[in-house]
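Subject: Structure handover

Hello,

Here is the structure you asked for. Please open it first, then read the notes below.

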Amino acid sequence: MNISRIRTSLLLCAAFIVCMAPFLGKAAHIDDPLFLWSAEHILQNPLDFYGFCVNWYGWDMPMWEVMKNPPLTSYYLAALFALGGRSLLWLHAGMLLPSALAVLGTYRLAGRLCCNAWLATLLTIFSAPFFLASGSFMAEPLLMALWVWAVYLWVRGEQEDHAILLALGAVIAGLAILAKYNALALLPLLLAFSLVHSRRVRMRTCWLLVPVLMALLYEWSTAAIYGHGLLSSAMGYSLLHGSMASRGIASLPRSILTGLAFLGGGLLGCSLLAPAAWGRRWIWLILLAASVLLVSIAVGGYCGVDYATIGNLRWFIAIQAGILIAGGVSLLGAPLYESIRTPDAETLLLSLWIWGQFIFAACINWTINSRSILPLIPAAAILVVRMLERRMPTDGRGVTRQWSPAWIIPVLVAGGLTIALAWCDMRWANAGRDFAENLDQYLETKAPDFSGSVFFAGHWGFQYAMQDQGFKPLDHHCSTVRQGDILILPLGMLQKPIPLQYFGKKGVIDYPGCSWLALQHTDRLSGFYSSVFGPLPFVLAPTGPHRFRIYQARNTLNFSPCTPCEAGPIHPHRESPRQ
């Protein structure tokens, strides 16, 4: 690797860290609490990483039943806890390391597969799923880093006939499986590349047995600790609750349309560059497809959506849906187009990488979300850049131009929107934390004689903030809500039905969000973290504040007879109820 490439890779990492710096104060969000609680427990019992209880779905359950991710990320967070404590600022700074390694790995891999590795890396950095995941404590940043480095080392090992690099790639692929289970897709991906590249089966391919053995060892050890293997449990959950498994084959068109919208929106920079990559003949077809889609969506409906909820925004949102889906079609069709034009091992690798992860995200995972398409982002970015490079004109001497300044425009547009989405996401996360920290003051002002208990429903980062302040999550199997007790219901979170006829509304507290961008908003059809909320990853549309409703019990309400969790005590930080 020459000095110029080293300088470029460092500049890209520095640019990424600078762009992420304003978001280091973000509160715990979405599934962050599961990883943070596991990390805290690992500090006390390193070999029993999920041996505690958590109220996540409305009642206490063993963590090994709730958590559908392996523990490698939590072990990394536990190391950060041990080094610097529980400060979220410190933890966010520590989580930038896996993301920076992912940036560096993408640049190194792109450098072997295309000329403009910097462009593929920028497209990856400013993709919304990667940028927002880098500001979280979830498994995706570590998965991304391990995934791209495993592919890079394996590809380089095959191209240079280097056994040690193949061995390192195999070990890192095994670690990726311990970061997130869908990294199992790396094994057939790397095997297919080796078979096509070498055109024969070689003994060195047996290095892929290493991640298989690592996964089997994990399965055996978790079965010994928790009574059943967590890898097979997670796979069974996906097969049972996946998009197609839960709704049947009739839901396939809906799942594919939603997956295409998430693909086109998540890789916005690639979507904007795709028409130039395809060529002029295809631009008109893509525009025609977008026009047909937006008209059919506006007139006939989209994925079973009731347009009464969005009123006069129907056409405005339909246009955005048509554009995102058309972008997804252009990105999903690119591997087929390139495989016909250039049927080599590198194209096959990128094509299988993109299609495999799209099928998982749209048809197998329990919900379609932007995090599920995260692993395919480097492959899509590299493939688009390869297509662009083949269409570059030559000068009078027959030399192909390296790149076009016009390529920067889509990167800037995607980068601006991605940073806006990250800002919107941070305001949403911080609203829950600010509410939890200010609730005591509100109750002292509005109800100075209040002496009961405070319960809340809803989870994600809001639950982490509320429990950190000592408030109790409502348990639908054990809780007894007495007359005068307070119940907090955040708007826009999944939660079990609650008989509100036993409660009187006491007040509403609003925290400002992003007034023109909907990241996850049912009435705006956006569901960045889950398509349960909407079939689009985000929508440019007016939205309201983040709202928290406060109720007070009129009568005593007993939920079902208590069935205590037997997996062990809840973490000490969350044992004491707040009165």
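Is Arg 156 buried, partly exposed or exposed? Arg 156 is partly exposed, with a relative accessible area of 25%. Its partner is Glu 160, and the two side chains meet in a salt bridge of 3.2 Å, N to O. Glu 160 also counts as partly exposed, at 36% relative accessibility. Both residues sit in helix 8, four residues apart, so about one helical turn separates them.

Before more detail, a word on confidence. This is a predicted model. The mean pLDDT of the protein is 84, and 86% of its residues reach 70 or more. Among the elements, helix 7 (residues 128–133) has the highest mean pLDDT, 94. Helix 13 (residues 243–247) has the lowest, 54. Over residues 395–399 the pLDDT stays under 50, and the model has two contacts there beyond four places in sequence. Residues 571–579 are also below 50, yet that stretch has 27 contacts beyond near neighbours in sequence. Where pLDDT is low, do not read the predicted coordinates in detail.

Now the overall picture. The protein has 579 residues, and 58% of them count as buried. There are 21 helices and 13 strands. Take the contacts between residues at least 6 apart in sequence: 77% of them join residues at least 24 apart. The accessible surface comes to about 23500 Å², and 64% of that belongs to carbon and sulfur atoms.

Next, the salt bridges. The count is 12. Look at Glu 140, in helix 8 (residues 140–160). Glu 140 is buried, with a relative accessible area of 2%. One salt bridge joins Glu 140 to Lys 180, with the closest N and O atoms 3.2 Å apart. Lys 180 lies in the loop between helix 9 and helix 10, so this pair ties together parts that are 40 residues apart in sequence. Lys 180 is buried too, at 16%. Glu 140 forms another salt bridge with Arg 371, at 3.5 Å between the closest N and O atoms. That pair links distant parts of the chain, 231 residues apart: Arg 371 is in the loop between helix 18 (345–364) and helix 19 (377–390). Arg 371 is buried, as is Glu 140. With Asp 31 added, Glu 140, Lys 180 and Arg 371 are linked in a network of salt bridges.

The aromatic rings come next. The model has 21 aromatic pairs. In one of them, Tyr 181 and Tyr 218 are tilted, with 6.1 Å from centre to centre and 45° between the planes. Tyr 181 lies in the loop between helix 9 (163–179) and helix 10 (186–198), and Tyr 218 lies in helix 11 (residues 209–226), so the pair ties together parts 37 residues apart in sequence. Both tyrosines are buried. Elsewhere, Phe 49, Tyr 50, Trp 64, Tyr 75 and Tyr 226 form one aromatic cluster.

Last, the core. The largest nonpolar core has 178 residues. Trp 353, Leu 439 and Ile 488 have the most contacts inside it. Helix 20 (residues 408–446) gives the most to this core, with 15 residues. Try selecting Ile 488: beyond its neighbours within four places in sequence, its contacts include Phe 435, Leu 439, Phe 462 and Arg 549. Another core, of 12 residues, lies apart from the largest one. Among its members are Leu 487, Tyr 551, Leu 557 and Phe 559.

Best wishes

Notes. Residues numbered from 1 in each chain as written. Predicted model: local features only at pLDDT ≥ 70, side-chain atom pairs only at ≥ 80, totals over all residues. Heavy atoms only, no water. pLDDT = per-residue confidence, 0-100. Helix = DSSP H or I, 4+ residues; strand = E, 2+ residues; numbered from the N terminus. Contact = heavy atoms within 4.5 Å. Phe/Tyr/Trp six-rings, centres within 6.5 Å; stacked < 30°, edge-to-face > 60°. Buried < 20%, exposed > 50% of the residue type's maximum accessible area, 1.4 Å probe, protein only. Core = buried A, V, L, I, M, F, W, Y, C linked by side-chain atoms within 4.5 Å. Areas by Shrake-Rupley, 256 points an atom, 1.4 Å probe, with all protein chains shown as cover. Salt bridge = Lys/Arg side-chain N within 4 Å of Asp/Glu carboxyl O.
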